[in-house]
Amino acid sequence: MHAAVIVFPGSNCDRDLAVAFQRAGAKVSMVWHKDTDLPDGLDMVGIPGGFSFGDYLRCGAIAANSPICRSVVAHAERGGYVLGICNGFQVLTETGLLPGALRRNANLKYICKPVELRVEDCDTVYLRGYKPEQVISVPIAHHDGNYYVDDAKLAQLREEARIAFSYVDNPNGSVADIAGVVSKNRRVLGMMPHPERMAEVAHGGTDGKAMFDGFMEALAPV
Amino acid sequence: MKAKVYVMLKEGVLDPQGAAVKHALGALGFDGVEDVRQGKVIELDLAAGTTEATVREMCEKLLANTVIESYRIEM
């Protein structure tokens, strides 16, 4: 599998994400935000955490309008896989590839700590390494992770089983405890917690590694 | 030619910053502040002849996230 990690000015989890992809067996290309094209034959795009463009205007808003993001949207529309973590999730909601928006945390604080996530019964390649209802521990590190969707969209997400992860103990005020959602075709996942930071024993746990191993097995390593 | 764009969280979308400002005003002894909503003002210096429709397009594409925010334009 060939994955690309997009690098914006202010990205700070790009190398972590690249290492997580590589350890799972993927070939990884780093792609700068001013590039207009993704590498040929790409399977997955990873949009990393960080503070792209200093979070100016709104988190992810400037990044979502960068040249490379037009190619990321086209890749997703062709049925390509896209994984957005933390700032990456914010970017994906700003592009419209995922529904909703991420607001300032309800307690107005930057929160950096491991949290428990419930793996929802959501049919997507990203959850292949988990069982539904399984509880995993993965860190969060964000100031704007308070997920918002209106009631109608929430009902739709539930009906289509598109909620991938929920917080066991909601840290940030997110609607319906939502920590991650997938697109309608189930190939785009956005999540605030950082599985790439819980991907080897030295991180203090490997609950995040199961995600990378899971989709890798499904998408076949190179 | 100047335009001002006022961006606010939509009614019904929780505004934790506004709530914190309200709380702080109460702590300073200002009674009777029933609600506070915090938003932003964006000033645009535009070439002559730029239409309000163009500014609206800027709002829809970038300046506001219409999932959670509303905007008002003053030309």
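## B:Lys4 and its surroundings

In this predicted model, B:Lys4 is in contact with B:Val41, B:Glu43 and B:Glu74, once its neighbours within four places in sequence are left aside. The residue belongs to strand E1 of chain B, which covers residues 2-9. One of these partners, B:Glu74, stands 70 residues away from B:Lys4 along the chain, yet the two C-alpha atoms are separated by 5.0 Å.

Because B:Lys4 has 13 C-beta neighbours inside 10 Å, and a residue needs 20 or more to be called buried, it counts as partly exposed.

## Confidence

The average pLDDT of chain B is 95, and 100% of the residues in that chain score at least 70. For the complex, the predictor reports an ipTM of 0.85 together with a pTM of 0.94.

## Overall form of chain A

Chain A contains six helices and eleven strands, and its C-alpha atoms fill a box of roughly 40 × 35 × 35 Å when the principal axes are used. A compact globule of 222 residues would have a radius of gyration near 17 Å, so the 16 Å of chain A agrees with that expectation.

Burial and contacts add to this picture: 55% of the 222 residues of chain A count as buried, and, among contacts in chain A with a separation of 6 or more, 75% are between residues 24 or more positions apart.

## Nonpolar cores

The largest nonpolar core has 75 residues, and the members that touch the most others are A:Ile6, A:Val82 and A:Ala164. Leaving aside neighbours within four places in sequence, A:Val82 is in contact with A:Met44, A:Val45, A:Ile47, A:Val72, A:His75, A:Ala76, A:Leu92, A:Leu97 and A:Val188. A second, separate core consists of five residues, among them B:Val55, B:Cys59, B:Ala64 and B:Tyr71.

## Two helices of chain A

Helix H1 of chain A spans residues 14-23, and its buried residues are A:Asp14, A:Leu17, A:Ala18, A:Ala20 and A:Phe21. Viewed down the axis of H1(A), the buried residues fall within an arc of 160°, and therefore they line one face of the helix. These buried residues pack against four strands of chain A, namely E1 (2-7), E2 (27-32), E3 (44-47) and E4 (81-85), and also against helix H6 (209-219) of that chain. Just after H1(A) comes A:Gly25, which takes a positive phi of about 110°.

Helix H4 of chain A, residues 87-95, has nine of its nine residues buried, so it is largely enclosed by the rest of the structure. The buried set includes charged side chains as well as nonpolar ones, with A:Glu94 and A:Phe89 among its members. The elements of chain A against which the buried residues of H4(A) pack are the strands E3, E4, E5 (101-103) and E11 (188-191), along with the helices H2 (61-64) and H3 (67-77). A:Gly96 follows H4(A), and its phi is positive, near 90°.

## Contact between the chains

Twelve residues from chain A and nine residues from chain B take part in the contact. On the side of chain A that touches chain B, the residues divide into five nonpolar, three polar and four charged.

Methods: Residues numbered from 1 in each chain as written. Chains lettered and ligands numbered in written order. Predicted model: local features only at pLDDT ≥ 70, side-chain atom pairs only at ≥ 80, totals over all residues. Helix = DSSP H or I, 4+ residues; strand = E, 2+ residues; numbered from the N terminus. Rg over C-alpha atoms; globule rule 2.2 N^0.38 Å. Buried ≥ 20, exposed ≤ 12 C-beta atoms within 10 Å, placed from the backbone. Contact = placed C-beta atoms within 7 Å. Core = buried A, V, L, I, M, F, W, Y, C linked by C-beta atoms within 7 Å. Arc of directions from axis to C-beta. pLDDT = per-residue confidence, 0-100.
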